[in-house]
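Me: I am new to this structure and should like to understand the terms used for it. Please explain what each one rests on.

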Amino acid sequence: MIYTVTLNPSIDYHVWIETMTEGAIHQAQKEWKAAGGKGINVSKVLHNLGSASVALGFVGGFTGSFIRQQLEQEGIKHRFIPISEDSRVNIKIKAERETDLSGVSPHIPKEALKQLLDQLDQLERNDFLVLAGSVPESLPADIYRLIMQRMNEIGVHVILDAKGTALGNALAEKPFLIKPNHHELGDLFGVSVTTPEDAVLYGRRALEMGASNAIVSMAGDGAVFVNRTTALLAQFPRQQLVNSIGAGDSMVAGFLYAYTRGQGEKEAFRYAVAAGSTTAISEGFCTPEKIQAFLPTISITEL
Ligand SMILES: Nc1ncnc2c1ncn2[C@@H]1O[C@H](COP(=O)(O)OP(=O)(O)O)[C@@H](O)[C@H]1O
Ligand SMILES: O=P(O)(O)OC[C@H]1O[C@](O)(COP(=O)(O)O)[C@@H](O)[C@@H]1O
């Protein structure tokens with residue numbers, strides 16, 4: 001079974017305005033509200049592709065009720081732990097460029113964390129667990145590392161999509177896959193990652209620190225896959241970005257979908273890129289049809 005953990009779910013409030021002017025009152029032209037947070041997005045994309053998963057994490061208040069309801073309406077299984085404070089709202093303003101405003105995280109009580117750890121202790125050998133997104137301040141900063149230590153005892157494969165210290169200190173627990181974007185990978189090593197060659201170099205450093213596989217996404221410039229034996233670059237024809245939200249999460253879901261259906265790393269990587277890109281160039285998340293149409297446009301070369 002595939003499980004996703006979202007420690008900090010959100011309602012993503014997407015709003016379209018013509019021009020953003022500081023200090024002005026803006027009239028929205030269009031809006032769209034979706035249950036979000038990285039693990040939840042991975043569960044949504046897996047569901048679109050026909051793979052079941054169970055979404056775990058903390059939700060609370062009226063915003064938490066919306067998140068639960070939306071997953072239930074879409075037929076996505078969840079075992080969220082209730083908390084008393086409201087889940088956050090993340091605002092995505094689409095004008096000439098996109099501007100994001102992430103809401104304040106709710107407090108996660110110690111008992112709620114214990115409940116999550118108890119749930120995770122029930123996972124079974126060879127399950128896949130996606131740990132994705134930011135860590136609320138009330139949780140230990142090394143929570144992903146602590147969870148992974150427990151998962152390693154069971155034999156669960158962990159996919160980690162995190163940044164900063166939450167990523168850095170969890171690498172030693174040997175995640176099966178990490179998916180930093182090039183900025184996040186650069187931040188980890190205090191450098192700037194701007195070319196595929198940089199992505200291979202620093203992706204390999206992340207492997208030396210413990211990861212088994214790494215996808216380094218580079219937005220419209222493609223993506224790099226590295227493990228101990230291979231380094232691949234995926235490229236595709238440049239297209240107009242429509243929605244960057246959830247593109248990275250779609251990559252994680254795409255890789256997992258293809259890999260758990262027996263595809264090798266190269267084909268799973270190709271599928272991941274097609275999933276990420278079709279989310280990025282259309283409204284709403286990727287679908288199997290859009291992915292199938294995009295796959296032949298991707299070229300994969302060895303670096
Ligand atoms: N303008 C674009 N055109 C096509 N694909 C894109 C574009 N922007 C992003 N993507 C796809 O989404 C993936 C993830 O985007 P990126 O911005 O690197 O990650 P994240 O969303 O995690 O920050 C990229 O590797 C690529 O496949
Ligand atoms: O937990 P974080 O890092 O604040 O990110 C949460 C945000 O990331 C998203 O999951 C989108 O992530 P990506 O664009 O990286 O795929 C949004 O749904 C959510 O608002």
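Reply: In this predicted model, the shell around ligand 2 takes at least three residues from each of domain 1 (1–20 + 29–131) and domain 2 (176–303).

Me: How do you know which residues belong to the shell around ligand 2?

Reply: A residue is counted if its C-beta atom, placed from the backbone, lies within 6 Å of the molecule. For ligand 2, 17 residues surround the ligand, and the closest are G36, N90, G133, S134 and G248. Two or more residues come from each of β2 (10–16), α1 and α8 (247–260). The largest share, 3 residues, is that of α8.

Me: What makes residues of this shell polar, nonpolar or charged?

Reply: Asp, Glu, Lys and Arg count as charged, and Gly is among those that count as polar. The shell around ligand 2 therefore divides, under these classes, into 12 polar, 3 charged and 2 nonpolar residues.

Me: What makes residues of domain 1 and domain 2 count as being in contact?

Reply: Two residues are in contact if their C-beta atoms, placed from the backbone, lie within 7 Å. The C-alpha centres of the two domains lie 22 Å apart, and the contact takes 15 residues from domain 1 and 15 residues from domain 2. On the side of domain 1 that touches domain 2, α1 (38–49) and β9 (128–132) each supply at least two residues. The largest share of that side, 8 residues, comes from α1. The residues of that side of domain 1 comprise 7 nonpolar, 3 polar and 5 charged.

Conventions
Residues are numbered from 1 along each chain as its sequence is written. Chains are lettered from A and ligands numbered from 1 in the order in which they are written. This is a predicted model: local features need pLDDT of at least 70, side-chain atom pairs count only at pLDDT 80 or more; totals for chains, interfaces and linings use all residues. Domain bounds come from an automatic or database domain assignment. Helices (H or I, at least four residues) and strands (E, at least two) are DSSP runs, numbered from the N terminus.
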